[in-house]
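Student: I am new to this structure and would like a close look at a single part of it. Could you pick one spot and then lead me outward from there, step by step?

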Amino acid sequence: MKKSYFKNYVSKVEDKYVFNLSSIFWHLFIALASVGIFISILLFFWSLIPPFHKNVEKQAYPTEKQYPEPVKVTINELLLQDAAQEETPQPKVVIDTVAENTEPKVIEDTKGKDEYVATLNTLKVLIPPAKYSWSGSGEWSYPYGQQYWTYYKQEKYRQWNVSEPGLEDKLISSYRTSNAKNYTEKKKMLDGYIIVLKPMKEEIRLTAIQYLLNQTVDSVGKNIAIYQALAKVVSKMSSETSAEYISQLASFGNSNPNEGVPFIDYISSIIDKFNPLQRTEIIGGLINSYYNFFSQDLKIQKEATDLFMPLLKGIKAEIQYKSLIRYYGLYVRKNQNRDVEIAQIKNEYQQSINAIEQQFIMDQAIAAMDYQETKIKKAEYRYKSLLGVGGGIVLIVLIGTILAFLSIQRSVRKIEEKITN
């Protein structure tokens, strides 16, 4: 009797407390698992979003410090009488020559050919072939013996050996050097030659174009820029009877791709202020001084020359060249300390530029590292979120199975109680 009472008491406790508490406990686990699945799903979708790559901006370059004012050279310091008596060596300008290429002509695109031919005819008007020879020179050779040529009269039995290419051959060579690959670009080259030659005296045009052809650079655009700058100088020297200055300036433009055109432009702005008889000599002096006095720094040379120009009115026309060279020597000596200060300013400025560049490279590297780290983290979170969703589902299934088992057990017990009663 006591055993049956105890058993009934335990059953009542299980029904009233154990099963209810167990159900609450397992449902709490299901709720937590559901929250975990929801969070894992959100994390999974977040991990699918591509990481943001930080856009690194380069710090603005600082303004270079103002250079100290130059020490001026006075007219009295030039000692003009001594300068007039002093023999100053003439500038030596080396004219580079271009080896002529006499390879057979290749078939070209004929687009723009009519316009090219019309421009070539304009060049022939400026340099008439009837007055100035466009032909080259050379001689025939006979690889198989002259008797084969005499008998068969076929071109394969003789060969023309060029000793001096004609003007048209040199034009073709200049097109090849400048990479002018079609008639439109070739016409641009001809237009460049024409704007330089047109203001010149007719008798020096052939020599001038020979100089231009010998100093062709490897780009149509670069050549045109040089020719346009040269045309400005030529317009100030239309009475000149020598084309030597064309050789000097074309060679300078060829050798100095960065400062060549600005240098020629600067000469065009000042050359007409000098005595016409000394302008060619002045141009040679300016070119030599660019190397000898100013270490290829056009900015400093322009600054010095601008200070010289007001002194011209007190200098005799026939000694302007000698006075200019003497002035440069005095100017450089008087500004040696200033040059040291300028060099220091340039060095400090370059160091600040280098620091900005290094910082920019470092910031880019850091941004790339952050980007890669974020990508790796998102990949890890994507994997973990999938595990979380899968684990949550498995947990809910297991708990559901347990709850179902408990529910069945409780139902069976109730049935047993009813049968017993």
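Tutor: Let's begin in the loop between α11 and α12, where Q296 is found. This is a predicted model, so the values below are computed from its atoms. Q296 is not a glycine, yet its phi is positive, at about 60 degrees. That is worth a pause, because most residues other than glycine have a negative phi. With 44% relative accessibility, Q296 counts as partly exposed.

S295 sits in the loop between α11 (279-292) and α12 as well. Its phi is also positive, near 50 degrees, and S295 is not a glycine either. S295 is exposed, with a relative accessible area of 62%, which is above the 50% cut-off for that word.

From the loop we can step into helix α12, residues 298-308, where E303 lies. E303 is partly exposed, at a relative accessible area of 25%. Setting aside neighbours within four places in sequence, E303 is in contact with P70, Y331 and R338. The pairing with P70 spans 233 residues along the chain, while the two C-alpha atoms are separated by 8.4 Å. This fits a wider pattern in the protein chain: among contacts between residues at least 6 apart in sequence, 79% join residues at least 24 apart.

Now look at F308. Not counting residues up to four places away in sequence, F308 touches L78, F274, I315, Q320, S323, L324 and Y327. F308 also has a special place in the largest nonpolar core: of the 75 residues there, L123 and F308 touch the most other members. Helix α8, residues 220-235, supplies the largest share of this core, with 8 residues.

Several of the partners of F308, including Q320, S323, L324 and Y327, lead us to helix α13. The buried residues of α13 are Q320, Y321, S323, L324, I325, Y327, Y328, G329, L330 and Y331. You may recognise Y331 as one of the contacts of E303. The length of α13 can be checked too: its 15 residues, 320-334, should span 21 Å at 1.5 Å a residue, and its end C-alpha atoms are 21 Å apart, which agrees.

Let's return to α8, the helix that gives the core its largest share. α8 has 16 residues and reaches 22 Å from its first C-alpha to its last, close to the 22 Å expected. Its buried residues are V220, N223, I224, I226, Y227, A229, L230, A231, V233 and V234. What covers them includes α6, α7, α9, α10 and α11.

One of those covering helices, α10, holds S268. S268 is buried, with a relative accessible area of 6%, and the cut-off for that word is under 20%. Leaving aside neighbours within four places in sequence, S268 is in contact with K232, V233 and K236.

Next, see how α10 meets α9. Two packed helices are described by the angle between their axes and the distance between the axes. For α9 (residues 244-255) and α10 (residues 260-270), the axes come within 8 Å and cross at roughly 150 degrees. That makes α9 roughly antiparallel to α10, because angles over 145 degrees count as roughly antiparallel. On the α9 side the contact is made by L249, F252 and G253, and on the α10 side by G260, F263, I264 and I267. By class, this contact has 5 nonpolar, 2 polar and no charged residues.

Helix α7, residues 205-214, is another of the helices covering α8. Of the 10 residues of α7, 7 are buried, so α7 is largely enclosed by the rest of the structure. The buried ones are R205, L206, A208, I209, L212, L213 and N214. What covers them includes α3, α5 (167-177), α6 (183-197), α8 and α9.

Our last stop is α3, residues 113-126, the place of T122. T122 is partly exposed, with a relative accessible area of 37%. T122 and I194 are 72 residues apart in sequence and 8.0 Å apart in space, C-alpha to C-alpha.

Finally, step back to the whole protein chain. There are 14 helices and 2 strands in it, and buried residues make up 35% of its 421 residues.

Note on methods
Residues numbered from 1 in each chain as written. Predicted model: local features only at pLDDT ≥ 70, side-chain atom pairs only at ≥ 80, totals over all residues. Heavy atoms only, no water. Core = buried A, V, L, I, M, F, W, Y, C linked by side-chain atoms within 4.5 Å. Buried < 20%, exposed > 50% of the residue type's maximum accessible area, 1.4 Å probe, protein only. Helix = DSSP H or I, 4+ residues; strand = E, 2+ residues; numbered from the N terminus. Contact = heavy atoms within 4.5 Å. Axes fitted to C-alpha atoms, helices over the stretch in contact; angles between N-to-C directions. Parallel < 35°, antiparallel > 145°, perpendicular 65-115°, else oblique. Nonpolar A, V, L, I, M, F, W, Y, C, P; charged D, E, K, R; others polar. Expected span 1.5 Å × (residues − 1).
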